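Reader: I am new to this structure and would like to learn how its descriptions are justified. Could you set each term against its definition as we go?

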2 protein chains.
Amino acid sequence: MRISARTQYALRAVTELAAAPPGPVPAEKIAVAQNIPRRFLDNILLQLRRAGIINSQRGPEGGYWLARPPEEITLADVIMVVEGNPEHSQRADYPGVARPLADVWSALREHEETLLSEITFAHIMKDALP
Amino acid sequence: MRISARTQYALRAVTELAAAPPGPVPAEKIAVAQNIPRRFLDNILLQLRRAGIINSQRGPEGGYWLARPPEEITLADVIMVVEGNPEHSQRADYPGVARPLADVWSALREHEETLLSEITFAHIMKDALP
DNA sequence: CATCTAACCGACTTATTAAGTAGGAATTAG
DNA sequence: CTAATTCCTACTTAATAAGTCGGTTAGATG
């Protein structure tokens, strides 16, 4: 159950946006609130915007906001974007007697995916996990 | 759900031992059966022996065998040895509104640990997961 | 229209971890 | 004795993660 810093930062940033009053939130504010290295955060926010999770506006009074209501954005949505798994099918082969091990991993992975796509940022904000 | 090569090798090696007829199995045989780099496997087996998962005997007719019956060795037992995370409490802090995210990770981790400590190598051998 | 703020962008560097190797020493069966 | 096989520490290399840099573009405000 390894979670990269990048992924954690992305989730925390989106949570900030979910919890903020309507209107753009500048990256700097998020960086301070969540203690995230500024330039790195830029990087991540850009990726989220390209993926359509958030929107942005440049210039003074600019910043970022959610592209959809928090109820409609799941943890899995964000994670899939930042982990960017093109060749997610990195299944090793388990020769002979070790074959059944593969089923254990897929069971675990499936549970994980299910859980993460059931939790939205509305849940996180309300601290009410389903 | 990242699983290192080392961990996979360890599990596959133990599975081989579980499935083998009584008596020592040389590392070479495991390496071939499971297609694991030989020296690397040595390394892993040594670690498993030190942890009391397996026993060994040197010299001709030497090799490795399980220290306990397959019913009594769980996947978690092996994983804990090879991942060896003493400071497993690498919990990042989730400031402010992001706090509830921590609960998600612990729920996931807990489920994972539970599952892995319910599955034994007897299950794997019989391809009958609980 | 000048200025300042803040997002945008690709490429680059550094740090950390994973993966695998090397060279021998110690045991033990035959 | 000899050959097979484990034991042990340390080392090298490969891969990935984490973070940085230098500068460009868009937009609000006076």
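Reader: Where does Asp127(B) lie, and what makes it count as exposed?

Author: In this predicted model, Asp127(B) lies in the segment after α6 of chain B, where a helix is a DSSP run of H or I with at least four residues and a strand a run of E with at least two, numbered from the N terminus. A residue is exposed if 12 or fewer other C-beta atoms lie within 10 Å of its own, buried if there are 20 or more, and partly exposed in between, with C-beta atoms placed from the backbone. Asp127(B) has 10 C-beta neighbours inside 10 Å and therefore counts as exposed. Its phi is near 50°, a positive value in a residue other than glycine.

Author: A word on conventions: residues are numbered from 1 along each chain as its sequence is written, while chains are lettered from A and ligands numbered from 1 in the order in which they are written. Because the model is predicted, local features need pLDDT of at least 70 and side-chain atom pairs count only at pLDDT 80 or more, whereas totals for chains, interfaces and linings use all residues.

Reader: Why does Glu61(B) count as exposed?

Author: Glu61(B) has 9 C-beta neighbours inside 10 Å, so it counts as exposed. Glu61(B) is found in the loop between β1 and β2 of chain B, and its phi is near 65°, which is positive although the residue is not glycine.

Reader: How do you know that β1 and β2 of chain B pair?

Author: Two strands pair if DSSP finds at least two bridges between them, and β1(B), residues 54–57, shares four bridges with β2(B), residues 63–66, in the antiparallel sense. Within this pairing, Ile54(B) stands opposite Leu66(B). The hairpin has five residues between its strands, and Gly59(B) takes a positive phi near 80° there.

Reader: What makes the span of α3(B) close to the expected one?

Author: The expected span of a helix is 1.5 Å times one less than its number of residues. For α3(B), with 13 residues, the expected value is 18 Å, and the reach from its first C-alpha to its last is 19 Å, which is close to it. After α3(B) comes Gly52(B), with a positive phi near 85°.

Reader: Why are the buried residues of α3(B) said to line one face?

Author: The buried residues of this helix are Leu41(B), Ile44(B), Leu45(B) and Leu48(B). Seen down the axis of α3(B), they fall within an arc of 100°, so they line one face of the helix; the arc is that of the directions from the helix axis to the C-beta atoms. The face turned away from the buried side carries the exposed residues Arg39(B) and Arg50(B). The buried residues of α3(B) pack against α1, α2, β1, β2 and α4 of chain B.

Reader: What is called a nonpolar core, and how many residues has the largest one?

Author: A nonpolar core is a set of buried Ala, Val, Leu, Ile, Met, Phe, Trp, Tyr and Cys residues joined through C-beta atoms within 7 Å. The largest has 25 residues, and Ala10(B), Ala13(B), Val14(B), Leu41(B) and Leu45(B) have the most contacts inside it. To this core α1(B) gives the most, with seven residues.

Reader: With which residues is Ala13(B) in contact, leaving aside its neighbours within four places in sequence?

Author: Two residues are in contact if their C-beta atoms, placed from the backbone, lie within 7 Å. With those neighbours left aside, the partners of Ala13(B) include Ile30(B), Leu41(B) and Leu45(B).
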